[in-house]
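Me: Hey, can you walk me through this one? I'm new to it, so plain answers please.
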Amino acid sequence: MSGQVPKLPRAACSSCHARKIKCDRRPGSCTACSKTQISCRYPPSEQILKRRMPRGPYKKRKSHRERELEDLVKTMAQKCNELEDAANAALNTSPHSAASPDLGLIVDVQEYQNEVRGSSSPKSVVASTHSVSSFKYPERSRLLSEEYTVAECPNFSGPSLTTHIDPEHAVTICSELPSTAPLNSWLLRSQVFELWHIYRSHIDPVIKLIHCPSFSEQILLATSHSSAVDSCIQALVFSICYAAVDVLSAGEVETRFQLRKDMLAFFYKQRMERALGEAASRQKPSLHVLQALVLHVICLFRRLGGDVQADTALFDRAVSEARLLLPENGDSHHENLSLLETQIFLRCWWALYVLDYHGAAKRGWAPSTTLHSQQVALPLNLNDIDLSPTMQQLPVPRTSFTEMSYFLVVVELTRLEAALPHLKTSEPGSKHPCDLGSIVNERVRAVEINFLWHCETSRHIDWLLLLTAKAMLNPIEIRMLRMGQATYSIDKSLTCTANADLSERTFSLALDVIECWYILKTNPNLTSWSWYTDIFHHGYDVNYIKSELANRPVSEQRTRAQTLLELGVQ
């Protein structure tokens, strides 16, 4: 048909495409090629499609650092595959492999609950609560049901547990595992890795007892080559697993692992105690043993209803282990500890200090003189990434918010509260006047400048720090006011009405304390770390509010107190 308009080519000609100029795609020969009198060729459809295919990341120019990281990932992936193959081979050669090829810390929950509760119903309560998570453990090992006996033992007298078996059934799980049983004969890697993840997200941000980047390698080694892991590291691994189980609710444990919380916690506690016993037989101090003991003591000291004698004995053992690692003759660190290990030791020491003070305040005891009499330096304000097992010199401490900021603020304010009764006011006519208020205010201001000013409330851990700091500072300010001392308040709005009524101000500060602890326990953004607030001696609670309301007239603070009671504060 002579009147039909010819179709334009689908893409620019090869010459214009190569010279990167605009092509009008005129049939026959484009204008640019006609002017330069060169051959004009349009590409075929296959070449057009190839032109328009999206470029993958492998075609982009990469920096030297990107290529290094890619090679590192490939190398790590290869090593992980090798370790996984070695672990699978070890599992296949274990004595239980014939009965269960995928051995692990899996107990038949149905049999356990039927035996414990004496129920005739074959249905498992756990299985009926959440069936979605059953894909995680398709094969259930009978290892624990073979090596642990569930029997009625009303006369059992073992060490106190953080999570106890139901006493009305008088049930005890007795350990029959041989001490030489290899780790990989029962340890399911996916479960331990999940508990390690729980530790890093729920526990590590507030206690900082472990250098997670370097210890991750130990976790991998413990789940792959158990023969290469000594009892000290085993004790710490079991203590980590026990702590991770302890901070979760019973429902979360059942959902994640399809096991009862008390049973899972008991298993890890028994394994940890066996490893600690083997480590004690060496009669040599170990930092890993100290970490395991401190972590377990934190779990036990969260509650007041446990076996006080057993908890105290475990705490004394942790203090004794720490004293063996103290530097001698004025040295900066112990001769057997590296720079990184020295920083970890300092964290363990001050964690024991905090536990000792608040635990004694809860029970009405005097704090330990051993921890309070030693002159031990504070750990540096650094992130874990700043530290390395092979470093020869300590880095310069950071002046901003770090992973250690929460821990250091808790330690500083605990030290200030513990030292407050021992500080004395200056006597009239003294040549060296030393005002008690100025000493305390100077230390409070240092905490504010070094830590609190760097917090951002948009970050949850920063908000946790601010609330905890306020809950710990207000009791100090109340004691200062009752002693007639001027105070430096972080909440500047309180200083405006400071001199109006001392009773009203102290009541307002006490309500702030109760409100802070309530927010820390109930706010969904802080629940991952709210378990740690149980170790603190709160000082003010619902009983204080009720006693004050009986004698107070109608006021703004009285209305606020009534609102807190309606919210159900403890």
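Me: Let's start with a loop. Where does Gln283 sit?
Reply: Gln283 is in the loop that runs between α12 (261-280) and α13 (287-301). Keep in mind that this is a predicted model.

Me: Is Gln283 buried or exposed?
Reply: Exposed, because its relative accessible area is 76%. Gln283 also has a positive phi of about 55 degrees, although it is not a glycine.

Me: And Lys208, what about its phi?
Reply: Lys208 is not a glycine, yet its phi is positive as well, at about 55 degrees. You'll find Lys208 in the loop between α8 (189-207) and α9 (212-224).

Me: Buried or exposed, that Lys208?
Reply: Lys208 counts as buried, because its relative accessibility is 2%.

Me: OK, zooming out. How many helices and strands does the chain have?
Reply: There are 23 helices and two strands. The chain has 570 residues, and 46% of them are buried. About 29900 Å² is exposed, with carbon and sulfur atoms supplying 52% of that.

Me: What share of the contacts comes from residues 24 or more positions apart?
Reply: Counting contacts in the chain with a separation of 6 or more, 71% are between residues 24 or more positions apart.

Me: Got an example of what one residue touches?
Reply: Try Ala418, in helix α17 (residues 405-419). Leaving out residues up to four places away in sequence, Ala418 touches Tyr353, Tyr357 and His372. The C-alpha atoms of Ala418 and Pro367 are 8.9 Å apart, with their positions 51 residues apart along the chain. Ala418 has 12% relative accessibility, so it counts as buried.

Me: Switching to charges. How many salt bridges does the structure hold?
Reply: It holds 20 salt bridges. One of them joins Asp262 and Arg260, whose closest N and O atoms are 2.5 Å apart. Asp262 is buried, because its relative accessible area is 7%. Arg260 is at 11% relative accessibility, so it counts as buried too.

Me: Which parts of the chain does the Lys521 and Asp534 pair link?
Reply: Lys521 and Asp534 form a salt bridge, with 3.0 Å between the closest N and O atoms. The pair links distant parts of the chain, 13 residues apart: Lys521 is in helix α21 (residues 502-522), and Asp534 is in the loop between α21 and α22 (542-549). Lys521 counts as partly exposed because its relative accessibility is 36%. For Asp534 the value is 22%, so Asp534 counts as partly exposed.

Me: Which residues do shared salt-bridge partners join into one network?
Reply: Asp204, Lys208, Arg347, Asp384 and Glu403. So our buried loop residue Lys208 turns up again, at 2% relative accessibility.

Me: Now rings. How many aromatic pairs are there?
Reply: The count comes to 12 aromatic pairs. One of these is Phe267 with Tyr268, an edge-to-face pair at 5.8 Å centre to centre and 75 degrees between the planes. Phe267 counts as buried because its relative accessibility is 3%, and Tyr268 counts as buried because its value is 0%.

Me: Which residues form the aromatic cluster?
Reply: Tyr406, Trp517, Trp531, Tyr532 and Phe536 form one. Elsewhere, Arg552 lies over the face of Phe507, at 4.2 Å from the ring centre.

Me: Last one: which residues make the nonpolar surface patch of about 270 Å²?
Reply: Leu69, Leu72 and Met76 make that patch. Met76 belongs to helix α4 (residues 64-92), and it counts as partly exposed because its relative accessibility is 47%.

Technical notes
Residues are numbered from 1 along each chain as its sequence is written. This is a predicted model: local features need pLDDT of at least 70, side-chain atom pairs count only at pLDDT 80 or more; totals for chains, interfaces and linings use all residues. Side-chain values use heavy atoms; hydrogens and water are left out. Patches are made of residues with over 30% relative accessible area and no salt bridge: like charges are joined within 9 Å, nonpolar side chains (Val, Leu, Ile, Met, Phe, Trp, Tyr) within 5 Å. Accessible areas come from the Shrake-Rupley method with a 1.4 Å probe; for residues, only the protein chains shown count as cover. A salt bridge is a side-chain nitrogen of Lys or Arg within 4 Å of a carboxyl oxygen of Asp or Glu. Helices (H or I, at least four residues) and strands (E, at least two) are DSSP runs, numbered from the N terminus. Buried means under 20% relative accessible area, exposed over 50%, partly exposed in between (1.4 Å probe, protein chains only). Contact means heavy atoms within 4.5 Å. Rings of Phe, Tyr and Trp (its six-membered ring) pair if their centres lie within 6.5 Å; planes under 30 degrees apart count as stacked, over 60 as edge-to-face and the rest as tilted. A charge sits over a ring if NZ of Lys or CZ of Arg is within 6 Å of the ring centre and within 35 degrees of the ring normal.
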